[in-house]
Amino acid sequence: MKFAMLGQVFKQMFKKPWTNKFPAKYQPNNTTKYLADVAAGKAKINPPVETPEGFRGKILYDREKCIGCKLCIKVCPCGAIEFKEKEKKIKIYLARCCFCSQCNDVCPVNCLSMSDEFLLSDADPYSKDLIVE
Amino acid sequence: MSKELKKTTYQIPIGPIHPALKEPVMFKFEIDGEKIVDVDVELGQVHRAIEWTGMRRNSIQIIYLAERICGICSFVHPLAFCRAVENACEIDVPERSDYIRVVHGELERICSHLLWAGVAAHEIGFDSLLFLTWEVREKALDLVEYLTGNRITKAILTIGGVRRDIKKEHHQKIKETMDALKEGYKQLGHIFLDDKTVKMRSQGCGVLSYEDALRLCAVGPTTRASGVKKDVRADQPYTAYGDIGVDYMTPDIITGEVNGDVYDRIIVRLLEVKQSIDLIEKAIDQMPAGDLVSEPKIPKLLSRIKKTKGEGVGRDEAPRGEVIHYVKFDGEHDEPFTWKVRASTYANILPWIPMLKGEQIADIPIVAASIDPCMSCTNRVAVVNNLDNKKYMLNKEHLHELSIMKTRRLKHK
């Protein structure tokens with residue numbers, strides 16, 4: 001066939017697009033206002049594609065369980081974990097985290113786990129959402 | 001006045017940053033009309049000091065650093081590093097994790113080759129084919145995300161095994177994806193091999209002869225497209241490739257002849273996608289039961305690596321060709337004494353010169369893209385611009401000279 005792609009292109013015209021339009025189907029005029037509306041319950045968000053089981057998202061930290069052994073600090077490839085000397089607990093800066101979940105594997109008391117939360121972008125790397133302690 | 005006009009060639013530089021080239025690399029072309037007479041490649045436009053950084057981290061941390069050497073080869077680089085450390089410390093890998101390593105390695109090859117096929121289609125101005133190719137690739141990426149937790153940076157490897165198992169409940173999705181990929185392969189194979197547009201631009205273009213491929217030590221699909229049977233998976237089987245069996249993919253399987261042009265490189269990569277699907281299916285079928293890692297306790301593993309004095313080499317077949325990692329431990333520190341990476345594009349740079357000679361200017365993007373270059377994986381030497389805009393390389397002798405000069409300066413103070 002001379003132009004093998006041609007049939008495919010015509011077929012594609014009648015297919016639904018693959019892209020999941022997240023967070024809105026059409027670009028809102030004012031994104032900040034749209035997000036405020038969503039928070040107020042006036043607008044509805046187009047849901048994202050579901051994350052699979054075992055997804056590596058934001059780290060959850062169980063403060064009570066932690067024994068302060070510093071193993072996670074030793075294996076963290078990005079140096080995202082800080083040790084608080086006084087309390088013998090850790091502080092994780094998610095802005096530096098590469099989400100490899102190596103700290104989860106090494107923890108002897110399993111006080112760290114990965115959630116499926118992935119909407120973590122922020123203008124301020126030290127914002128409250130991006131520090132786990 | 002009868003002054004004879006002499007035909008001269010002129011130069012055009014392309015790069016270091018150019019829209020047709022995805023990564024910084026500098027070409028200096030000697031042009032006669034539309035024809036390329038000579039070409040010079042200047043590397044060293046992007047240097048990230050990854051090895052230097054790695055020499056200040058322990059081996060577990062380096063796995064994730066190695067993953068970021070290349071965004072597309074995010075499995076083969078850590079695999080080569082892990083194999084180098086396993087070689088140095090004589091750590092055995094359980095059989096089951098060898099098979100899981102094959103599955104992930106081949107999934108990466110599928111993703112990489114489909115990505116390349118899309119980019120190649122884009123370089124010849126065939127953007128509808130780019131989107132069709134990447135739609136197929138998306139299915140493979142979804143499977144990667146399902147098995148490892150992320151789409152690109154898999155974080156699946158560890159020294160002495162793998163971190164996540166392929167369980168019984170995963171088999172259904174793997175089978176579905178493999179069926180979808182087979183369907184996609186058929187569709188893409190038909191378009192790439194039969195479409196007139198692709199044929200017009202790729203046949204007889206960017207030819208690398210068998211002799212040149214051998215002489216210049218090309219690796220991966222670039223050399224196999226010229227008929228050289230070279231594949232680490234078959235030559236020196238690692239992980240479970242020896243049990244499963246790998247064949248060399250050369251373009252004569254489909255066309256019956258070897259030309260070594262861009263079209264042949266497309267054929268080789270498509271054949272390898274098919275081969276990878278078969279290998280994944282075989283690996284899933286033959287996977288034995290057993291442990292995932294030989295040493296689950298990471299502190300114990302790290303102390304063993306710390307006590308090791310010696311060196312190790314890990315090599316494997318990346319989608320672009322052979323990757324070699326070399327590590328040396330001094331027996332006192334957690335950090336390796338030396339870590340050297342040779343990415344596959346490094347061996348595929350020189351073949352660019354015979355490929356580009358005699359081609360037209362408009363063929364530069366597709367010929368340059370045909371080796372699937374990955375510049376930031378390759379660059380190793382820092383090029384520094386000093387004040388009078390003269391470039392010089394910072395090599396060992398020069399640094400030594402600078403050091404002597406500084407000592408003298410301090411003495412005279």
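Chain B has 413 residues and a radius of gyration of 23 Å, which agrees with the value near 22 Å for a compact globule of that length (radius over C-alpha atoms; globule rule 2.2 Å times the number of residues to the power 0.38). This is a predicted model, in which local features need pLDDT of at least 70 and side-chain atom pairs count only at pLDDT 80 or more, while totals for chains, interfaces and linings use all residues. Residues are numbered from 1 along each chain as its sequence is written, chains are lettered from A in the order in which they are written, and side-chain values use heavy atoms, without hydrogens and water.

The C-alpha atoms of chain B fill a box of roughly 90 × 75 × 35 Å along the principal axes. Chain B holds 17 helices and 10 strands (DSSP runs numbered from the N terminus: H or I of at least four residues for helices, E of at least two for strands). Of its 413 residues, 53% are buried (under 20% relative accessible area; exposed is over 50%, partly exposed in between; 1.4 Å probe, protein chains only).

Thr239(B) sits in the loop between helix 10 (232–235) and helix 11 (241–244) of chain B. Thr239(B) counts as buried because its relative accessibility is 19%. Beyond neighbours within four places in sequence, Thr239(B) contacts Arg83(B), Asp98(B), Arg101(B) and Val102(B) (heavy atoms within 4.5 Å).

In chain A, Phe10(A) belongs to helix 1 (residues 5–13). Its relative accessibility is 49%, so Phe10(A) counts as partly exposed.
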